Every structure is written in C-alpha cells, then in structure tokens.
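This briefing looks at one strand, its pairing partners, and the core and pocket around it. Please keep the structure open while reading the points below.

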Amino acid sequence: MITSEQREKLRGWFAGRLPDDLFERLTEVTVDREEITVIGRIPAPRLAEDASDAERDAAVQARIQEFRERTRQDRMAVAREAEHRFDRKVSWGVECGPERALFTHVAAPVMTRLRQPERQVLDTLIAGGVARSRSEALAWCVRLVQHHTDDWLTELRESLEHVQRVRAQGPDAEAGPSTDESSTDEPKNG
C-alpha cells in the first residue's frame with residue numbers, strides 16, 4: 001500500500017517523463033506491489049456522422065492498434081527507466097472514444113489456503129461455466145467484490161494511509177528504513 005503523496009509523485013514522474021505528444025492526456029496511473037499501470041487518452045478516429053456502430057468499433061480498434069505499434073519504442077524506453085527507478089513492471093493502456101484497452105499487464109500469482117466451503121464455491125463457479133479453473137474462479141470473485149464494494153475499499157485504503165502517516169510520526173520513525181524518494185512502497189516480503 002502506498003500513500004497518496006507517493007501516488008501523486010509517481011503520477012507526476014510519468015506526467016513529466018512521457019513525451020508530450022504521446023497522449024492527449026494522462027488519465028490514470030495505478031500502482032501495487034508488482035505493477036504500475038499507465039493509461040492515457042488518444043484521439044478518436046474522425047468518422048462521418050452517419051457511421052454505423054460496427055464502423056465506429058472497427059475504427060477505434062484500428063486506432064488503438066496503430067497507437068500501440070507506433071509508440072512501442074517510446075513507451076518501452078519510459079518503462080525501462082520506471083522499472084529501474086520504482087522496482088515494478090510497467091503496463092500500458094489507452095482510452096479511445098468509449099473504449100479502454102490494456103496492452104500488457106501483470107498476472108501475479110497469489111497463494112491462498114481455502115477451507116472446503118470456500119473451495120466448494122469455486123468449484124460451483126467452474127461447474128456453472130463461469131470459470132475454467134479455481135484460479136479463474138477466485139479472480140472472478142475478487143472482481144465481483146471489487147465491483148460491488150468500491151466505496152468500502154476506498155475508505156479502507158484511506159484508513160491504511162492514515163495508519164501509515166501515524167506510524168511515520170512514531171518514535172521508531174527515525175530508526176526505520178530510510179525513505180528513498182524513488183521508493184513507492186514498503187519493502188517487499190520475500
């Protein structure tokens with residue numbers, strides 16, 4: 001978990017480091033322990049007013065693909081620098097018209113122990129065709145919780161940031177690890 005200030009510094013770094021003509025605007029920079037995701041808005045294709053939905057969808061998909069190929073070298077140069085500086089992989093995505101597309105992203109394995117009733121929930125999702133594996137079923141459950149509890153998760157994140165600020169002001173604050181400006185998270189647990 002990173003603080004709002006660290007998140008703002010990270011977003012500022014990308015805003016300052018990205019080429020000016022890469023995006024119309026930087027819309028989102030998100031971060032966790034493994035990954036930084038950078039999403040920017042690109043111009044929608046210009047079409048006739050009477051263009052069909054199929055034509056619009058095809059034009060947006062083509063624009064996204066063109067952007068991805070044309071900007072690969074610039075994005076990878078920024079990603080290499082950011083990965084070295086922040087010790088996380090960088091993933092990219094765009095918004096074009098109403099569409100949002102991620103080019104690459106980290107799928108990090110998460111180890112967990114589940115009791116039989118929890119495993120039965122996952123197995124029911126598999127039997128129902130919602131997922132093909134327990135791993136996929138668990139990811140589906142996490143997305144469902146994320147979708148329905150966004151306000152609760154936001155409040156929880158804010159509370160965690162408050163706890164981190166209080167800890168930083170405690171008597172052990174000076175004895176703890178140094179606060180490097182390039183660091184955006186607590187030390188990783190091996």
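Eight of the eight residues of strand E2 are buried, so E2 is largely enclosed by the rest of the structure; buried here means under 20% relative accessible area, with over 50% called exposed and values in between partly exposed, for a 1.4 Å probe and protein chains only. Strands (E, at least two residues) and helices (H or I, at least four) are DSSP runs numbered from the N terminus. The model is predicted, with local features needing pLDDT of at least 70 and side-chain atom pairs counting only at pLDDT 80 or more, whereas totals for chains, interfaces and linings use all residues. Residues are numbered from 1 along each chain as its sequence is written, and side-chain values use heavy atoms, with hydrogens and water left out.

**Strand E2 and its partners**

- In a regular strand, side chains alternate between the two faces of the sheet.
- Glu35, Thr37, Ile39 and Arg41 point one way from E2, while Ile36, Val38, Gly40 and Ile42 point the other way, and all are buried.
- E1 and E2 run antiparallel and are joined by six bridges, pairing being counted when DSSP finds at least two bridges between two strands; the two form a hairpin with three residues between them, and Val29 stands opposite Val38 in E2.
- E2 also pairs with E3, in the parallel sense and over eight bridges.
- Thr37, which lies in strand E2, has Ser91 in E3 as its bridge partner and is buried, with a relative accessible area of 12%.
- The contacts of Thr37 (heavy atoms within 4.5 Å), not counting residues up to four places away in sequence, are Glu28, Val29, Thr30, Ser91 and Leu102.

**Nonpolar core**

- The largest nonpolar core, a set of buried Ala, Val, Leu, Ile, Met, Phe, Trp, Tyr and Cys residues joined through side-chain atoms within 4.5 Å, has 26 residues, of which Phe14, Leu18, Phe23, Ile36, Val38 and Trp92 touch the most other members.
- Helix H1 (4-17), strand E1 (25-31), strand E2 (35-42), helix H2 (53-86) and strand E3 (89-96) each supply at least two residues of this core, and the largest share, seven residues, comes from H2.
- Not counting residues up to four places away in sequence, Ile36 touches residues including Leu10, Phe14, Val29, Phe86 and Val90.
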